[in-house]
Amino acid sequence: MTLPLKKVLISDEIDQVCIDVLTKNGIEAVKNTKLSKEALLEEIKAYDGLIVRSATQVTAEVITAGSNLKVIGRAGTGVDNIDCKAAEAKGVLVRNTPTGNSISAAELTCTLLLSMSRNIANGTQTLREGRWERKNLMGNEVYGKTIGIIGLGRIGKEVATRMQAFGMKVRLCCCVDSKLTGSLLQTIGFDPVIPASVTAEFGVKSMSLEEMWPQVDYITVHTPLIPQTKNLINDDVFRKCKKGVRVINCARGGIIDEEALLRALDAGLCGGAALDVFCEEPPKASPLIKHPLVTSTPHLGASTVEAQTRVAEEIAQIFVDLSTGKS
């Protein structure tokens, strides 16, 4: 398949390498990050392609207005801000860059897990306020603890290898035939969507989520937000887990039920949470942000120089390959 792409609009901030790759390959790239919704509806008519990150909301209205639009690219993992159904109905291709953020997101997950375990955020804040509160900031080692990783895709797999280096016992959960199943990690060289009968050949013992919950000291989620994963970590799960289990979410807000999490924190069922994503972003007056047992960051999973360079180059190359018939 070859898509004639002559002119591409970039409506969000992106690394210069994206423009350079497109231009080098004969595609005119126009970067305009100041467009209002109304201006975007008018501007998009002149373009064959659109590249966005998170800020631009590519609604059905935008897609309909793009009379020449052939492809929409998201320089990042998810496509939450793109109306994919509207794009499909109009025959507009939607592409993302699922690999570019993997290392950065995995490293942030590990960072938040360790920071939460050692009260780094609270220690920094109290010291800035002139207080020396060592006794109130007693932490825990992660060595010998069990971490449950829900979603063994690119990011989950990277988290597993890193936390093994800290001496953690790893339990894995991945999507198989649209059902969530789990596995005891004995080797990680396998694809997350292959059935249990095949994973056994790689030394992986399957276990269900119900079996996993009572075993884990930490839970980290690395799945998309879909109906099967919405509020996956909920009141029922917290009751089944060890008292004081800790949770990390660097994937998508809504996988962990925020109200259930708050109840679990207040009741002592959850010993701490590290959150990079929220149901509403930016969160407004969320009690979780101010909770003393919560370490939080403003959706920084992909916010590294390296990740932004990779996704910018990757999405540009995708457009080039489409225009030359290589994709």
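User: What does it take for a charge to sit over a ring?

Analyst: A charge sits over a ring if NZ of Lys or CZ of Arg is within 6 Å of the ring centre and within 35 degrees of the ring normal. Here, the charged end of Lys7 is over the Tyr47 ring, 5.0 Å from its centre. Keep in mind that this is a predicted model, where local features need pLDDT of at least 70, side-chain atom pairs count only at pLDDT 80 or more, and totals for chains, interfaces and linings use all residues. Side-chain values use heavy atoms, with hydrogens and water left out, and residues are numbered from 1 along each chain as its sequence is written.

User: Which residues of helix 1 are buried?

Analyst: An α-helix has 3.6 residues a turn, so residues three or four places apart point the same way. In helix 1 (residues 16–24; helices are DSSP runs of H or I, at least four residues, and strands of E, at least two, numbered from the N terminus), the buried ones (under 20% relative accessible area, 1.4 Å probe, protein chains only) are Val17, Cys18, Ile19, Val21 and Leu22. They pack against strand 1 (7–10), strand 2 (28–31), strand 3 (49–52) and helix 13 (305–324).

User: And what follows helix 1?

Analyst: Gly26, with a positive phi near 80 degrees.

User: Which residues have the most contacts inside the largest nonpolar core?

Analyst: A nonpolar core is a set of buried Ala, Val, Leu, Ile, Met, Phe, Trp, Tyr and Cys residues joined through side-chain atoms within 4.5 Å. The largest has 27 residues, and Ile150, Trp213, Ile219, Ile233, Phe238, Val247 and Leu261 have the most contacts inside it. A second, separate core of 23 residues includes Cys18, Ile51, Ala312 and Ile315.

Technical notes: Buried < 20%, exposed > 50% of the residue type's maximum accessible area, 1.4 Å probe, protein only. Contact = heavy atoms within 4.5 Å.
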